[in-house]
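Please open the structure in a viewer and keep the selection panel at hand. The tour below proceeds by selection, with a note at each stop on what is to be found there.

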Amino acid sequence: MTDMDAETKVPLFSNLDLFLFSLIVGLVIYWFMSPSITLYLRFNYKKQKQFGKNIIVFYGSQTGTGEEFSNRLSKDAQRYGMKGMAADPEEYEMGELARLSEIKNSLAIFCMATYGEGDPTDNAQDFYDWLQENDDEDLSGLNYTVFALGNKTYEHYNAMGKYVDKRLEELGAKRIFDLGLGDDDGNLEEDFVSWREQFWPAVCEHFGVEALGDESSIRQYELKEHTDLNMNKVYTGEIGRLKSFEVQKPPFDSKNPFLAPVTVNRRLNKGGDRHLMHLELDITGSKIRYESGDHVAVFPTNDSTLVNKLGQILGVDLDVVISLNNLDEESNKKHPFPCPTTYRTALTHYLDITHPPRTNVLYELAQYASDPKDQENMRKMASSSPEGKALYQSWVLGASRNILAILEDMPSLRPPVDHLCELLPRLQARYYSIASSSKVHPNSIHICAVVVEYETATGRINKGVATNWLKNKLVTDNGHKSTVPMYIRKSQFRLPFKTTNPVIMIGPGTGIAPFMGFIQERGWLKQQGKEVGETVMFFGCRHKNEDYIYQEELEEAEKNGVLTQLNVAFSRDQEQKVYVQHLMKKNKEDIWKLIHSDNAHIYVCGDAKNMAKDVQTALHEIGEELGGMTRTQATDYIKKLMTKGRYSQDVWS
């Protein structure tokens, strides 16, 4: 029996062992191979080292400009004998930042935009949190510089860029060039170009390298035309996953928008030259949730007339299926936009063809101008010389010339369409303050907007991309439901937690949008039997009989006691203009009591450049007059309200 037992063959691994081993191997492979796993993108410093990349340009970008600048800087590196890569901090393990010092002559550049009230952009939120939470992080050995993108009309000008610059230094990193401040209220492009022209010589001096002297165009992508590709594999406007507009799967976000049917599209104003509109988007079954004060982001498309004109002027077949493939095979960004696709789709869905092109685009395209004078002017506009800056300001920005207008006015300039597609920035989502409350409209999102249309200095009619696109989103179009690709961006613009707190809402024009949601919500709370504090509205428009939008709804809310005060300024119904700030001064005693004694929350929505500043000035004056303060004390008083979350702004310029 014993001998027989000795002869019995016992397997080395049981079935369970084999299963567990296979599972572990599979998980390890998935861990390393899956593009969504952090380890695959664990700072990629190994990849940088392996492929000779020593410059990484991180971008915090909400509208695409920060990303655009980072791509330009990473491309610049080649002209100085270095290799760069642009990087989205959301896709990297920023805790590995210190390991950059293991790469010779390494440098981290941060192009950081500020969003909203001094907030980081969506893709830089995790990086911002990491910087705040890691006091013990040692970044000594890390070389860095920061270029900040902001707008001086906002209270917290370039807050994110300034914070990153200061915080990296606190953690031991070495700043090798001064913080750059870009102001979109002035000339952001000029600010960037001026900073960049001083930055690169400083980098060369720091690392002891020299410019290669090669100023020729550097292509980042190569063209591949597809002649026999299955059209089911061709992108037709999807933002992320192929066919995602045909088979919709939650959750919905910036990379996977929901196609919301348009159920209402009506004109709000009774007269006048402008077109103010109210749209309602159906989100039934999407699992999308929103709160009053949130923003809805929509992905517009360019006007087909402009796209066709571009095709005609460049003499190309827009329906050719193409791919633009990154020449750097190790780059995470394989294409400038979803590929394979057609030129028509790229120019319609993916590329910004309506904004005046930046100077780098002019510089790269100059080589294709057959007239030497055109070449010279394009290169001059891309330079930092005073004459060049003035020419760019007047001929491009001042005249609002988009790429089509430039091609029309420069007959000798006929670039290859693939290079043009490589250079044009991505068409970005547009954000609108939601004009409804989910308590009242859980399956519907309301938008209030004014259609943008104006005549340029050259006599052309320029139309806003998103507002004209939305205007044409009829409820039914040739028997089909119109849809809008959208997602929700959460906001800090919130009603007070205590329903008994009074609220003062100031929103002229389409700035009334979030307050329609607030009013609906306060009305709903009253219906639920909740005690609701005073709800005061300051609205403004040009003429009572033309653009007093939502008049019926506002007057009904006042009649029902939801609005305890409705103050409307009709700026042009009398000889002397009257604005919301004038009505605030007229009601100064009520306002001061609500703010100073009753713990009221103040909300301002609309124009940042003039209205928001005028409203603040009015509050400063009220504080001086009724609070017995000096101007400095009144200014500090309002700033403290902001810090405490009792003064919120949702403004734009």
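A disulfide is taken here as a pair of cysteine sulfur atoms within 2.5 Å. The model under examination is a predicted one, and by that criterion it holds 0 disulfides.

**Stop 1: the cysteines**

Select C111 and C204. The sulfur of C204 is the closest cysteine sulfur to that of C111, yet the two are 17 Å apart, which is too far for a bond. C111 is also buried, at 0% relative accessibility. Next, add C541 and C448 to the selection. C541 takes part in no disulfide, since the nearest cysteine sulfur, which belongs to C448, is 12 Å away. C541 likewise counts as buried, with a relative accessibility of 8%.

**Stop 2: two prolines after cis bonds**

Select P250 and P251. The peptide bond that leads from P250 to P251 is cis, and its omega is near 0°. P251 belongs to the loop between β8 (221-226) and β9 (258-267). Then move to C339 and P340, which are also joined by a cis peptide bond, with omega about 0°. P340 is placed in the loop between β12 (321-326) and β13 (341-342).

**Stop 3: aromatic rings**

Display the side chains of Phe, Tyr and Trp. How many aromatic pairs does a search of the whole structure find? The search returns 27. One of them is formed by F252 and F258: this pair is tilted, with 5.0 Å centre to centre and 55° between the planes. Both partners may be coloured by accessibility: F252 is buried at 14%, and F258 is buried at 10%. For a cluster linked by ring pairs, select F69, Y80, F147, F177, F192, W195, F199 and W200.

**Stop 4: positive phi outside glycine**

Select S400, in the loop between α12 (386-398) and α13 (403-409). Its phi is near 50°, a positive value in a residue other than glycine. Continue to N599, in the loop between α20 and β24 (601-607). Here phi is near 65°, again positive in a residue that is not glycine. Is N599 buried, partly exposed or exposed? At 37% relative accessibility, N599 counts as partly exposed.

**Stop 5: helices α20 and α21**

Select residues 588-597 for α20 and residues 611-627 for α21; the axes of these helices come within 10 Å and cross at roughly 85°. The crossing angle makes α20 roughly perpendicular to α21. On the α20 side, K588, E589, I591, W592 and I595 make the contact, and on the α21 side the residues are L619, I622, G623, E625, L626 and G627. By type, the contact residues comprise 6 nonpolar, 2 polar and 3 charged.

**Stop 6: I622**

Finish by centring the view on I622, a residue of helix α21. I622 is buried, with a relative accessible area of 2%. Which residues is I622 in contact with, leaving aside its neighbours within four places in sequence? They are M584, K585, K588, I591, W592 and G627. As a last selection, draw a C-alpha to C-alpha distance from I622 to L397: the two residues are 39 Å apart in space and 225 residues apart in sequence.

Definitions and conventions:
Residues are numbered from 1 along each chain as its sequence is written. This is a predicted model: local features need pLDDT of at least 70, side-chain atom pairs count only at pLDDT 80 or more; totals for chains, interfaces and linings use all residues. Side-chain values use heavy atoms; hydrogens and water are left out. Axes are lines fitted to C-alpha atoms, for helices over the stretch in contact, and angles run from 0 to 180 degrees between N-to-C directions. Helices (H or I, at least four residues) and strands (E, at least two) are DSSP runs, numbered from the N terminus. Angles under 35 degrees count as roughly parallel, over 145 as roughly antiparallel, 65 to 115 as roughly perpendicular and the rest as oblique. Contact means heavy atoms within 4.5 Å. Ala, Val, Leu, Ile, Met, Phe, Trp, Tyr, Cys and Pro count as nonpolar, Asp, Glu, Lys and Arg as charged, and the others, Gly among them, as polar. Buried means under 20% relative accessible area, exposed over 50%, partly exposed in between (1.4 Å probe, protein chains only). Rings of Phe, Tyr and Trp (its six-membered ring) pair if their centres lie within 6.5 Å; planes under 30 degrees apart count as stacked, over 60 as edge-to-face and the rest as tilted.
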